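Hi,

Here is the structure I said I would pass on. Have a look at it, and then read on for what turned up.

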Amino acid sequence: MKIFVTGVSGQLGHDVIHELAGRGYAAVGSDIQPQYAGIADASAVTRTPYVQLDITDGARVSAVLREVRPDAVIHCAAWTAVDAAEDEDKRGRVRAINAGGTRHIAAACHELGCKMMYISTDYVFDGQGETPWKPECTDYAPLNVYGETKLEGEWAVQELVERFFIVRIAWAFGLSGSNFIKTMLRLGQTHEALRVVCDQVGTPTYTLDLARLLVDMIGTEKYGVYHATNEGGYLSWADFAREIFRQAGMPTQVIPVTTAQYGLAKATRPFNSRLDKAKLVESGFVPLPDWKDALSRYLKTILPLTH
């Protein structure tokens, strides 16, 4: 089985291509840079065939996938800078990548008759209430440009691809790129206390754990929309920050504040990012480990790089 992966320089794409190579799949990675530009580690990523691909170029997407002829595409590439997406001069680019680029990938998958897996987000919902969002819920009401464009990507996949997986995640962290944990560790080195939002609730997703699930999924015929984050219950960003500092052995204090009190973000964030993941087990997939365990494993990897 040959699998084509977009966005391999990012957090999730890096881990997906590494997981595929480790299991013996024929994998081809791609990203917009001329050469792989993710974290410089000794993983299989740097030994996997790489193709430069700007997913906003529909003709190029079609040509590359016709040449590679994959059995499946795992589409990880996306604009993920949520606040920057709100800038007027960037909105067109964000939509071209998240919506248009996904449509180009989906059209090529349709042409080739191959499977497609699209990574989406809890941001397709409005984040109201406290009830966990179910995969089949269609009460979409994204609050920001990032959420709007990712939802448009979902629609393109469902419209064009017969054999698709849509996997919504939240609060991702991994080795390549930036994330909340890296930000907390960096700020914690120079601040005795940090104000962290306490009224946005969800669950983190370790991309290493997620990659294993995605590779499990892509080898099946269990198509549809899924939610996937680590297990261990729901928590706020402030709760997450406290656990980061506790496990890292840092004395930094966390001052919980409401979103309104924090007041620094350009993009409106959902208060309720709780995702119902019951469908994973119902479909026979192994859930992701507890988020505290995931954090522990991640810190053992990342702390030597930050000290």
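Keep in mind that this is a predicted model. I started with strand 4 (residues 72-75), which pairs with strand 5 in the parallel sense over 4 bridges. Within that pairing, Val73 has Met116 of strand 5 as its bridge partner.

Strand 5 (residues 115-121) is largely enclosed by the rest of the structure, because 7 of its 7 residues are buried. Both of its faces are covered: Lys115, Met117, Ile119 and Thr121 are buried on one side, and Met116, Tyr118 and Ser120 on the other. That fits the usual pattern, as side chains in a regular strand alternate between the two faces of the sheet.

Zooming out, there is an open sheet of 7 strands with parallel pairing, in the order 3-2-1-4-5-6-11. Strand 3 (50-52) and strand 11 (224-227) are the edges, each pairing on one side only. From one strand to the next, the twist averages 20°.

Elsewhere in the sheet, strand 1 (residues 2-6) and strand 2 (residues 26-31) are joined in the parallel sense over 5 bridges, with Thr6 partnered by Ser30 in strand 2. Helix 2 (residues 58-68) packs on the sheet and touches strands 1, 2, 3 and 4, its direction making about 155° with that of strand 1. Helix 1 (residues 11-22) lies across strands 1, 2, 4 and 5, at about 165° to strand 1.

Then the helix pair: helix 3 (residues 91-112) and helix 4 (residues 145-160) pack at about 15°, with axes 9 Å apart, so they are roughly parallel to each other. The crossing is right-handed. The residues of this contact divide into 9 nonpolar, 5 polar and 7 charged.

Cheers

How values were computed. Residues numbered from 1 in each chain as written. Predicted model: local features only at pLDDT ≥ 70, side-chain atom pairs only at ≥ 80, totals over all residues. Heavy atoms only, no water. Axes fitted to C-alpha atoms, helices over the stretch in contact; angles between N-to-C directions. Helix = DSSP H or I, 4+ residues; strand = E, 2+ residues; numbered from the N terminus. Parallel < 35°, antiparallel > 145°, perpendicular 65-115°, else oblique. Left-handed = near helix turned anticlockwise from the far one by under 90°. Nonpolar A, V, L, I, M, F, W, Y, C, P; charged D, E, K, R; others polar. Buried < 20%, exposed > 50% of the residue type's maximum accessible area, 1.4 Å probe, protein only. Pairing = 2+ DSSP bridges. Contact = heavy atoms within 4.5 Å.
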